[in-house]
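Me: I have a structure open and would like to talk through it piece by piece. Can you go along with my questions?

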Amino acid sequence: MTTIPLTIPFGSQDFTALFPCFIVACGALLVLLLDLLFPASLRRGWSILIALATLGIAGVSALNGWGEPISVFANAFVTGSLTVAFEEIVVIGAALSMLLMYTAGRDDQAAGAIALLLWSASGAMLMAGASNLMVVFLGLELLSLGLYCLCGFVTRRVAREAALKYLLLSSTASAVMLYGMALLFGATGSVDFNALALPSASPVMFDLGVGLFLVGLAFKLSLVPFHEWTPDVYAGAPLPVTAFMSVVTKAGALAVLIRFVGALPPNISDQLVQPLWVVAGLSMIVGNVGALAQTDLKRLLAYSGIAQLGYIVAALAVRNDNGLYSAIFYLAAYTFMNLGAFAVAALLSRDEEEGTHLASFRGLSGRKPLLAGAMTFFLLGLAGIPPTAGFTGKVLILANTIGAGFVNLAVLLVIGTAISFYAYLKIVRLMYAPSFGQGVNVVVPRSRLPWIAIAVCAVAVLVLALHPIVPTGSFATLKSEVKDRVSVQSAY
């Protein structure tokens with residue numbers, strides 16, 4: 001009798017590459033398990049602590065992948081400098097959002113919400129290294145399913161409306177994206193990104209698949225004209241969830257965009273330059289104009305996020321190494337500036353999120369001068385005023401767009417930035433204006449943890465402004481990964 005040996009198709013290298021994702025996902029299970037053991041009064045605090053420890057371990061272990069890219073799981077996932085950069089942004093965004101979790105929901109809901117947040121983060125980390133259409137969809141759904149629940153886990157009616165709207169619209173976008181994947185599979189016979197560069201069986205089917213796939217990504221990135229859901233969902237979702245969505249979902253989707261568009265044949269990627277240019281320009285203008293009339297901080301930052309993603313896509317439209325670096329740098333800067341502003345709002349809020357109303361900022365400098373100073377710093381960063389990382393990032397993007405001949409795109413960036421000054425500085429004016437009895441009620445926050453987020457974000461925004469360039473050797477490995485997996489000559 002012949003015995004057929006049992007072999008495992010994947011080795012330690014494959015599982016090591018996904019270890020950071022595994023850690024975050026397992027951390028969510030640990031939070032749910034220990035929630036059964038702790039008394040009710042300690043559940044929220046211990047759940048946050050376990051989640052932060054899990055994210056810390058995942059962030060440190062992800063750094064082991066920095067360097068030359070390595071394809072694992074039969075080319076379904078690739079680790080390397082580019083993957084690590086996005087994984088670290090996801091981990092940082094999730095950890096800072098976790099520090100705000102004391103402001104949302106009841107104590108008996110905390111563990112479930114934190115577990116969902118961790119599972120969503122693991123989905124974004126999976127998207128960061130996905131080089132296979134099926135892995136992209138797996139990461140996207142893991143990211144999205146948790147957010148559908150998180151948007152409506154508090155009792156406010158607007159939260160339930162936001163959850164339903166996000167579920168319906170995001171599911172529709174996912175369906176469009178999945179249909180595009182099916183067409184790409186039919187045209188190439190493979191779900192691997194590498195197959196996109198090969199001659200397709202049906203050019204019409206291939207082009208339609210690329211278009212539908214990018215439409216789905218544009219929705220996840222809140223790019224114009226697929227942005228309408230963003231202000232309503234951001235305003236209705238709990239504040240920590242809004243903070244998480246504003247950064248983590250964007251990081252995962254941008255990683256997929258960079259790899260997917262870069263893997264396309266040169267003639268197709270060249271044709272996408274003009275649509276990228278138009279989408280970036282529209283997002284910069286529409287986002288900043290939309291922010292002007294907002295009286296709610298979450299809606300204002302939603303429109304701001306649309307504009308900020310326009311800046312990042314403008315950097316990617318340049319299609320060279322410097323454009324890639326400036327896009328990643330600005331995403332990192334945006335992470336700290338945006339989450340810092342949300343942390344300030346968390347310290348002004350309790351159950352009803354009073355701190356998201358702009359009226360609550362009136363006279364803040366007299367009541368809490370340090371908090372007003374921090375908020376001013378973050379808003380100046382979002383506006384692109386020195387000495388902040390926002391200013392440095394916009395200068396890098398401007399230099400790259402002008403250097404590549406996209407002068408019109410650079411002009412739109414300057415116009416959009418000028419428009420945004422009013423939206424951000426009207427909050428600064430409120431904070432330093434006399435209160436005259438308005439907005440003077442001092443809200444005692446449920447936790448001081450957001451102060452940690454504010455301190456971390458403020459230091460990071462200043463440090464990134466002063467030291468925007470990574471060591472040459474480290475950046476070289478990032479560029480080599482793009483060349484190996486995406487072909488920089490056809491780059492984005």
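Me: Where does serine 174 sit, and is it buried or exposed?
Reply: In this predicted model, serine 174 is part of helix α7, and because its relative accessibility is 5%, under the 20% limit, it counts as buried.

Me: What does serine 174 touch, apart from residues up to four places away in sequence?
Reply: Leaving those aside, serine 174 is in contact with Phe137, Leu140, Glu141, Tyr148 and Lys220.

Me: And how does the span of α7 compare with what 1.5 Å a residue would give?
Reply: Helix α7 runs over residues 157-188, and its 32 residues should span 46 Å, which agrees with the 46 Å between its end C-alpha atoms. Just after α7 comes glycine 189, with a positive phi of about 80°.

Me: Which other helix is followed by a glycine with positive phi?
Reply: Helix α16 is, since glycine 384 follows it with a phi near 85°. Helix α16 itself covers residues 369-383, and its 15 residues reach 21 Å from first C-alpha to last, close to the 21 Å expected.

Me: How many residues of α16 are buried, and what do they pack against?
Reply: Helix α16 is mostly covered, with 11 of its 15 residues buried, among them Leu371, Met375, Phe377, Phe378 and Leu382. The buried residues of α16 pack against α13 (297-317), α14, α15 (364-367), α17 (389-403), α18 (407-431) and α19 (449-466).

Me: What about the loop between α15 and α16, which residue lies there?
Reply: Lysine 368 lies in that loop, and it counts as partly exposed because its relative accessibility is 25%. In space, the C-alpha of lysine 368 is 9.6 Å from that of methionine 431, although the two are 63 residues apart in sequence.

Me: And leucine 364, where is that, and is it buried or exposed?
Reply: Leucine 364 belongs to helix α15, and with a relative accessibility of 0% it counts as buried. Not counting residues up to four places away in sequence, leucine 364 touches Leu348, Pro369, Leu371, Ala372 and Met431. The C-alpha atoms of leucine 364 and proline 434 are separated by 9.1 Å, with their positions 70 residues apart along the chain.

Me: Switching to the core, which residues touch the most other members of the largest nonpolar one?
Reply: That core has 170 residues, and Phe86, Phe213, Phe260 and Phe361 touch the most other members. Helix α14 gives the most to this core, with 20 residues.

Me: What is phenylalanine 361 in contact with, leaving aside neighbours within four places?
Reply: Its contacts are Leu297, Val344, Leu348, Gly355, Arg367, Met375, Ile427, Leu430 and Met431.

Me: Back to α14, at what angle does it pack with α10?
Reply: Helix α10 (residues 239-263) and helix α14 (residues 321-347) pack at about 170°, with their axes 9 Å apart, which means that α10 is roughly antiparallel to α14. The residues of this contact divide into 13 nonpolar, four polar and no charged. On the α10 side they include Leu239, Val247, Leu254 and Ile258, and on the α14 side they include Leu331, Tyr334, Asn338 and Phe342.

Me: Now the backbone oddities, where are the cis peptide bonds you can point to?
Reply: One cis bond runs from valine 224 to proline 225, with omega near 10°, and proline 225 lies in the loop between α8 (203-220) and α9 (229-236). Another joins proline 386 and proline 387, where omega is about 0°, and proline 387 is in the loop between α16 and α17.

Me: Why pick those out?
Reply: They are worth a look because most peptide bonds are trans, just as most residues other than glycine have a negative phi.

Me: Which residues other than glycine have a positive phi, then?
Reply: Phenylalanine 73 is one of them, with phi about 50°, and alanine 74 is another, with phi near 55°. Phenylalanine 73 lies in the loop between β1 (70-72) and β2 (77-79), as does alanine 74. Phenylalanine 73 is buried at a relative accessible area of 16%, whereas alanine 74 counts as exposed at 63%.

Me: Last one, how many helices and strands does the chain have?
Reply: The chain has 20 helices and two strands, and 60% of its 492 residues count as buried.

Notes: Residues numbered from 1 in each chain as written. Predicted model: local features only at pLDDT ≥ 70, side-chain atom pairs only at ≥ 80, totals over all residues. Heavy atoms only, no water. Axes fitted to C-alpha atoms, helices over the stretch in contact; angles between N-to-C directions. Helix = DSSP H or I, 4+ residues; strand = E, 2+ residues; numbered from the N terminus. Parallel < 35°, antiparallel > 145°, perpendicular 65-115°, else oblique. Contact = heavy atoms within 4.5 Å. Nonpolar A, V, L, I, M, F, W, Y, C, P; charged D, E, K, R; others polar. Expected span 1.5 Å × (residues − 1). Buried < 20%, exposed > 50% of the residue type's maximum accessible area, 1.4 Å probe, protein only. Core = buried A, V, L, I, M, F, W, Y, C linked by side-chain atoms within 4.5 Å.
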